[in-house]
Amino acid sequence: MSLPANSHPHWFLRARLKTRQLLLLTALADEGNIHAAARALNITQPAASKLLKDLEDVLEVPLFERLPRGMRPTWYGETMIRHARQALASLNQAHEELMSLKAGRFGQVGVGAITSPGLALLPQAVAAVKREQPSLRVVLEIDTSPVLVDYLRQGRLDILVARIFADDDKSNLRYEPLTGEPVCAVARPGHPLSSAAGLTLADVATRPWIVPPAGSVLRHRFDLMFQEAGLAPPFDVVETAALLFVTRMLQQSDMLCVMATEVARYYAGHGILSILPLDMPCHMDDFGLITRTDRQLSPGATLLMQALRTACRPVYGLSP
C-alpha cells in the first residue's frame, strides 16, 4: 500500500511542490489577500488560488482562513510560511554563492552580534577573514539577541555571537558558550562621581539615569539590584538602547548610564565616557556562537567561524 504524499520522507517530491507555491505562501503572508499576492507574483488570481488549493490538498490541512476581506494564516499556514521563507532564502543564498564563485569571488557570509562582542570580537575576526579572502562579502548586523536569532532562523544570517535565553525555542540551534558580560556605570569625563571614594548604590539611587528599555533583561536586573539592596530603583530615567544617543546625552549632562563593561571600556579608551568606581552586581548571561544544526555552513561562513574561535582566545582569555 502506498503512503500518502505528506507522509513520505520526501513528500515534496511526490507532491511535486513548486517553488511558485512557496513564493505564493510568502506573498499571501505579506499581502493578506489572494489578489495582491497574485499581482506580486505576476500571475492571475485563479492560478494563485489553484496553487494554494493544490498545496492544501496535498498537506490535507487548511493553510489560510478565508475572511470577508482577505486571508489569515492558520497555525498550519504559519508553519509552512516560516519554512517557505527559509527554503527561499537558502535558494537565494545558493544562487549568490554560485554567482560569486563563477566571478572568482569567495561568496558571502552573514554574521550578527550583540553590541559587546560586536566591538571586542568581530573587528578582529572580520579583519582576519578579509586578509585571507578579500573577495568574501561580509554582511554584519548588530542588534539584540531575539532579533538576531529570528534573522538566523529566517536564513538571513549564518552565524551569531549572541545569547539564547531560557524560554527560547532552541530547536535546530547549536550554541557554543564564550563568556559572561559584566556591566558598569558610566558618566561623562570629569563627572563629580568619577573619582568618588567608596561609591555605593545608595549614592546613585536618586541620580538621573539612562537605562535599557522596560522589559529588557538588563533593565530587570538593574532594578532588581537596587531592590535587593533595600533601595527604590532610580525614578528619574531615560529609556533607550541607542548608543549614539546615550554617548551624546552623557557628554552634555550629569546623567549616569548602565552599560556592558566591554562597551564602556571602548568609549572610555577614546575619552568619550568615564567608568565610575561602583560595583554593579547585575551582570548579563553568557553569550556564545550560535549556528543552525539543520544547515551546513558555506565555505565563507566556515572561514569566519574559524576566525571567530581564534579571536576569542585572546579577547576572552579562552584556552586553544
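This is a short talk on the domains, sheets and largest pocket of one protein chain.

Hi everyone, and thanks for coming. Please keep in mind throughout that what you see is a predicted model.

Let's start with the overall layout. The chain is divided into three parts: domain 1 covers 11-87, domain 2 is made of 105-180 + 286-316, and domain 3 runs over 181-283. So how far apart are the C-alpha centres of domain 1 and domain 3? They lie 49 Å apart.

Now to the beginning of the chain. An unreviewed UniProt entry carries the annotation "domain: HTH lysR-type" for residues 17-74. In the model, that stretch is 62% helix and 14% strand, and its end C-alpha atoms are 20 Å apart. Two strands to look for here are β1, residues 64-67, and β2, residues 70-73, which pair in the antiparallel sense over 4 bridges. They make a hairpin, with 2 residues between the strands. If you want one pair to find on screen, take E65, whose bridge partner in β2 is R72.

Next, the sheets. As a quick reminder, the strands of a sheet pair through backbone hydrogen bonds, and they can do so in parallel or antiparallel fashion.

One open sheet has 5 strands, in the order β4-β3-β5-β12-β6, and its pairing is mixed. At its edges stand β4 (137-142) and β6 (173-181); each has a single partner strand, so one side of each is left without a neighbour in the sheet. On average, and ignoring direction, neighbouring strands of this sheet are turned by 15° against each other. Inside that order, β5 (residues 159-162) and β12 (residues 284-292) pair in the antiparallel sense over 3 bridges. You can spot this pairing where A162 stands opposite G288 in β12.

Another open sheet, again of 5 strands, follows the order β9-β8-β10-β7-β11, with mixed pairing. Which strands are at the edges? Those are β9 (237-239) and β11 (274-275), each pairing on one side only. The partner of β11 is β7, residues 183-187, and the two pair in the antiparallel sense over 2 bridges. Here the residue to click on is V186, whose bridge partner in β11 is I275.

That brings me to the largest pocket, which holds about 710 Å³ of space. Where does it sit? Both domain 2 and domain 3 give residues to its lining, so the pocket lies between them.

The lining has 29 residues, and those nearest the centre of the pocket are T115, T144, P212, L218 and A241. By type, the lining divides into 20 nonpolar, 6 polar and 3 charged residues. Several elements supply at least two lining residues each, among them the helices α6 (115-120), α8 (145-154), α10 (217-228) and α11 (243-251). The strands β8 (209-211) and β10 (256-260) do so as well. Which element gives the most? That is β10, with 4 residues.

To close, here is a route for your own look around. Begin at the hairpin of β1 and β2, move on to the sheet that has β4 and β6 at its edges, and finish at the pocket between domain 2 and domain 3. Thanks for listening!

Technical notes: Residues numbered from 1 in each chain as written. Predicted model: local features only at pLDDT ≥ 70, side-chain atom pairs only at ≥ 80, totals over all residues. Heavy atoms only, no water. 1 Å grid on protein atoms, 1.4 Å probe; cavity = no way out; pocket = protein on both sides within 12 Å on 5 of 7 lines; lining within 4 Å. Points joined across faces, edges and corners; volume = space filled by probe spheres on them. Nonpolar A, V, L, I, M, F, W, Y, C, P; charged D, E, K, R; others polar. Domains from an automatic or database assignment. UniProt positions renumbered as here; feature names shortened; annotations may be inferred. Pairing = 2+ DSSP bridges. Axes fitted to C-alpha atoms, helices over the stretch in contact; angles between N-to-C directions.
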